[in-house]
Amino acid sequence: MRVVGLTGGIASGKSTVSKELRDGSGLPVVDADKIARAALRKNTPGYRRVLKIFGKGILLPDGNVDREKLGNIVFADSSQRKLLDRALGPVIARTMLWDVLKHWIAGTPVLVLDVPLLFETGMDRYTSPVVVVWVDADTEEERLIARDGLSQEQARNRINSQRSLDWKREKADVVIDNSGSLELTQQQIQELVEKITTAPLSWKEMLCSRNFVGSVVAVAIASSLCWRLCLKRDA
Ligand SMILES: CC(C)(COP(=O)(O)OP(=O)(O)OC[C@H]1O[C@@H](n2cnc3c(N)ncnc32)[C@H](O)[C@@H]1O)[C@@H](O)C(=O)NCCC(=O)NCCS
Ligand SMILES: Nc1ncnc2c1ncn2[C@@H]1O[C@H](COP(=O)(O)OP(=O)(O)OP(=O)(O)O)[C@@H](O)[C@H]1O
């Protein structure tokens with residue numbers, strides 16, 4: 001299975017690109033933001049861990065987490081953000097790993113992991129190619145403010161809580177420049193789809209392929225059975 005890493009900055013257009021990959025090209029996508037949202041749902045283990053750290057002050061009257069309030073706390077103070085990351089990170093990682101495994105067992109040929117913190121968590125080591133959705137800094141700030149109705153300070157806090165987009169761009173295998181129109185982005189997505197669905201598998205991808213691992217396991221089981229039979233016959 002080819003596992004493609006999709007990342008970028010906050011509001012750089014990851015969801016726009018991953019929606020197109022999923023709905024337009026039929027590629028399965030594991031969405032880390034969606035998993036993170038589920039991990040914070042009321043009365044889940046993640047919710048309880050977060051509540052223990054931040055207290056009931058982050059709750060809405062109905063008992064759900066006030067995401068805006070929690071966001072304002074963690075994006076303004078990196079030590080608070082690290083506490084949140086430590087509480088939710090393992091839950092998110094476990095669910096993602098399980099989702100990837102399910103796709104591997106089902107024989108999915110190409111899987112996209114949409115992970116905002118792909119580099120920050122070191123997950124980029126397990127994905128190839130790594131695709132960075134890039135926009136220039138002014139456009140990123142403008143789109144974030146327009147989408148979420150944030151002040152400039154709130155937007156800057158959120159942007160600064162991640163590695164810079166230019167840093168991520170340097171580390172990318174493929175860059176999608178989303179600073180222009182959606183049509184221009186669309187063309188780049190088509191090129192990406194062509195690349196990830198037709199390029200030959202690397203030796204690492206082959207070693208991790210379901211057929212290869214299946215064959216190794218089958219050979220191991222068969223040899224162990226033969227070995228036991230031989231031992232029994234000799235005894
Ligand atoms: C702080 C929370 C409650 C704010 O919720 P809100 O609805 O305002 O934002 P949303 O979840 O849609 O995230 C928007 C974007 O913020 C950025 N972001 C989210 N969490 C983090 C973080 N811990 N560090 C840096 N950037 C982050 C990502 O680019 C993400 O795409 C929420 O982001 C959260 O629970 N974050 C911790 C979980 C996490 O690490 N998510 C990222 C998955 S890799
Ligand atoms: N090429 C584009 N032209 C104009 N607007 C765009 C373009 N691409 C994305 N947008 C808009 O910019 C905003 C951010 O895009 P999107 O939600 O896809 O970013 P994201 O990287 O997934 O954000 P987050 O990190 O918060 O999850 C959205 O309102 C989206 O509609």
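Which residues of the largest nonpolar core touch the most other members? In this predicted model, where local features need pLDDT of at least 70, side-chain atom pairs count only at pLDDT 80 or more, and totals for chains, interfaces and linings use all residues, residues are numbered from 1 along each chain as its sequence is written. Chains are lettered from A and ligands numbered from 1 in the order in which they are written.

The largest nonpolar core (buried Ala, Val, Leu, Ile, Met, Phe, Trp, Tyr and Cys residues joined through C-beta atoms within 7 Å; buried, 20 or more other C-beta atoms within 10 Å of a residue's own, these atoms being placed from the backbone) has 39 residues, and Val-4, Val-112, Leu-113, Val-131 and Ile-176 touch the most other members. Strand E4 (residues 130–134) supplies the largest share, 5 residues; strands (E, at least two residues) and helices (H or I, at least four) are DSSP runs numbered from the N terminus. Apart from this core lies another, of 5 residues, including Ile-10 and Leu-144.

Ligand 1 is surrounded by 19 residues, with Ile-10, Ala-36, Arg-67, Gly-71 and Pro-116 the closest; a residue is near a molecule if its C-beta atom, placed from the backbone, lies within 6 Å of it. Helices H2 (32–39), H4 (67–76) and H5 (78–106) each give two or more residues to this shell, and the largest share, 5 residues, comes from H5.

Around ligand 2 there are 16 residues, of which Lys-14, Ser-15, Thr-16, Arg-143 and Arg-147 come nearest. Helix H1 (14–24) is among the elements that give two or more residues to the shell around ligand 2, and H1 gives the most, with 3 residues.

Methods
A residue is buried if 20 or more other C-beta atoms lie within 10 Å of its own, exposed if 12 or fewer, and partly exposed in between; C-beta atoms are placed from the backbone.
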